[in-house]
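Me: Hey, got a minute to walk me through this one? I'm new to reading structures, so keep it simple.

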Amino acid sequence: MMEGLLAAEASWLNFGIFFLLAVVLLFVVLGFVTYAILAERKVMGFMQLRYGPNQVGGRFGLLQTVADVLKLLIKEDTIPKLADRPLFILAPVIAFTPAFMVLAVIPFTDKFYFADIGVGLLYYIAISGLTTIGIVTGGWASNNKYALMGGMRAAAQMISYEIPLVMSVIGIILLTGSLNLNDIVEAQKNGWFIIWQPIAFIVFLIAAVAELNRVPFDLPEAESELVAGFHVEYSGFRWAFFMLAEYVYMFAMASLITVIFLGGWLPLPFLGFIPGAVWFALKFTVVIFILIWFRVTFPRIRADQLMEFGWKVLLPVALANIFLTAILKELLNIF
Amino acid sequence: MIRTEEMLLNVGPQHPSTHGVFRLVLKIDGEIITEARPVIGYLHRGTEKLAEDLQYTQIIPYTDRMDYLAAMTNNYVLCHAVETMMDLEIPERAEYLRIITMELGRIASHLVWWGTYLLDLGATSPFLYAFREREMIINMLNEISGGRLTFNYMRVGGVKWDAPEGWIEKVREFIPYMREQLKGYDQLVTGNEIFMNRVKGVGTYTKEDALNYSLSGANLRCTGIKWDLRKEEPYSIYDRFDFDVCIRDGGDAWARYHVRLSEIGESLKILEQAVEQFPSEGAVLGKVPKVIKPPKGEAFVRIESPRGEIGCYIASEGKKEPYRLKFRRPSFYNLQILPKLLVGQNMANLIAILGAIDIVLGEVDG
């Protein structure tokens, strides 16, 4: 169905269908964000001997996030007097828009995807890099020293971790010969890339967590040092936009890890009768759970150590992985 | 050339990691601190001045509010000073109750430090684990004293209440439980690579520095100086217990971390022996005159609080109220080395260094 649509001539009908599908995806993602936050709080609560939300919306706090968002919407929207007003208003939008744009290339199943771009992986990484600009802008425009430091940290961190992130997937590109995410999933029929590319997986996971600004790499927000980092002056729905962007990225990044390392919609052997969407959801959930688990377990790494780790450890390892993959590919000739 | 400017940054008094209303005025160059100036006094309540108009028993609740994480030791230092002046005899059972409550308080205080320090470093879970254990201690102290934080438990000449039925048993059961949890703490945090990188070699000072800045408690013992008043100048009945003074050599935050964690173990040892030797009956309040009037003169006593040496100086004119009361508050003295440690460090280390000193603002500001 999707191939037909994507290949068809541009028309109002096509536009309408895509628009509708995009709205569906928007709701799926927003629904995910709503319940990912709840799940995060519940899992954290479980690991930290607490209950987590358990009042609003029945027994499990099912409407807790909805209530939180409503509260944020009706909150007073404060803009500091000396802030750079236009930039201050624009920053959350810049941070948030790419988060949704990257979702276009994620193949959720073999039939359900929005764009079949040849350079899908590159598109994802390029677009997600834009969010940094939003965060730096927000940190700068707030006219707050803590926000500025948070923004600067964010810039340094996200740029340095994007490089190992890209380098680690080059091994996979070598093996598949394509940047297209659909092709990458198809290439995993003989075994997921987590098995063929374990080093790349570890590097990618670490760099991904750093990209997501989550513990142990949550330096831009670093609650205990920078109070709240780049969004210290933001309140109400503008703040919600930053948070939304963060969780949509979590959704996107978990999807990407599922697609390039865990075989996307591909089933485990002998369990092919379960639909691809279920497999995708299962793998995706595992990745999300691991991200939450990280958050509960680790302390925060220090800014200078973070840089050192990125440039002196992750990058060389990722580069070595490229050579290793190339040599193995030539010698074994499996792909 | 890039033109850079130093930035003046105000950390606190409302900041998540200053552990209260502590303010630091920093000059920073990028993230590197070039100058640090602590500003204290936001929680100053004038305890010492207020005490001049109060009878000795009335001062005890004020001491609770100085180091509110280890109020029992504060209670004790005042009572101990008055008792020293009046040469009072303390009943055996009261001494044991004092030791048990003080050591429980010490464990609770170190647990709060452990949890909040890790929270400062960005790990959220240890805080909640530490507070689970602390809650048990607080509940026990609540049962015996009626208060969870400000106990007002000790009196000149003994303690206010006897232990309720089965209380000693609870303490006894707590000891093996706590030992088990300590292992878990080590597994979760101590071996963590990120944590080690955050604290090793951070905030290092030498023995000489420690002595010159008159640091005490874990801040002194982390440099390898074996000094614990419970051993060096045993007060109360500490000479009856077998325990070690925990020392480390590094002089950095990592050493301080280890000293505090192993001190929990040593406190458990003391508790174990105290519970064993606990006299089955006896009075808990000695023969004390109705109105406490220490003779004319002065006295200074010092004991080992979880944070260091806490001292109490009393100048008496033979009246119901002290002429002058002065506390040597360890947090205040320990904090003095901070500006020296901070220069040249970055913002993230600021938190690691300040947290490792273990201050309680109620005590710093008096």
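Me: How many residues does each chain put into the contact?
Reply: Chain B gives 25 residues and chain A gives 23 residues. Two residues are in contact here if their C-beta atoms, placed from the backbone, lie within 7 Å. Keep in mind that this is a predicted model, where local features need pLDDT of at least 70, side-chain atom pairs count only at pLDDT 80 or more, and totals for chains, interfaces and linings use all residues. Residues are numbered from 1 along each chain as its sequence is written, while chains are lettered from A and ligands numbered from 1 in the order in which they are written.

Me: Which parts of chain B supply at least two residues of the side that touches chain A?
Reply: Those are strand 1 (7-11), helix 4 (92-120), helix 5 (125-145), helix 7 (193-199) and helix 14 (347-357) of chain B. The largest share, four residues, comes from helix 7 of chain B. Helices (H or I, at least four residues) and strands (E, at least two) are DSSP runs, numbered from the N terminus.

Me: And how does that side divide into nonpolar, polar and charged?
Reply: On the side of chain B that touches chain A, 13 are nonpolar, eight polar and four charged. Ala, Val, Leu, Ile, Met, Phe, Trp, Tyr, Cys and Pro count as nonpolar, Asp, Glu, Lys and Arg as charged, and the others, Gly among them, as polar.

Me: New topic: what order do the strands have in the open sheet of three strands?
Reply: The order is 1-2-3 in chain B, with antiparallel pairing. Strand 1 and strand 3 (32-39) of chain B are the edge strands, each pairing on one side only. Two strands pair if DSSP finds at least two bridges between them.

Me: How many bridges link strand 1 and strand 2 of chain B?
Reply: Five bridges, in the antiparallel sense, with strand 2 of chain B covering residues 23-29. In this part, B:Leu8 stands opposite B:Lys27 in strand 2 of chain B.

Me: What about strand 7 of chain B, mostly covered or mostly uncovered?
Reply: Mostly covered: strand 7 of chain B (residues 308-316) has seven of its nine residues buried. Buried means 20 or more other C-beta atoms lie within 10 Å of the residue's own, exposed means 12 or fewer, and partly exposed is in between, with C-beta atoms placed from the backbone.

Me: Which strands does strand 7 of chain B pair with?
Reply: Strand 6 (residues 297-305) of chain B pairs with strand 7 of chain B in the antiparallel sense over nine bridges, and a hairpin joins them through two residues. Strand 7 of chain B also pairs with strand 8 (residues 324-328) of chain B, antiparallel over five bridges. There, B:Tyr313 stands opposite B:Lys326.

Me: Which residues are on the covered face of strand 8 of chain B?
Reply: B:Leu325 and B:Phe327 are on the covered face, while B:Arg324, B:Lys326 and B:Arg328 are on the uncovered one.

Me: Last one: where is confidence lowest in chain A?
Reply: In helix 1 (residues 2-7) of chain A, at a mean pLDDT of 64. The pLDDT is the predictor's confidence in each residue, from 0 to 100. Where pLDDT is low, the predicted coordinates should not be read in detail. Chain A averages a pLDDT of 82, and chain B averages 87.
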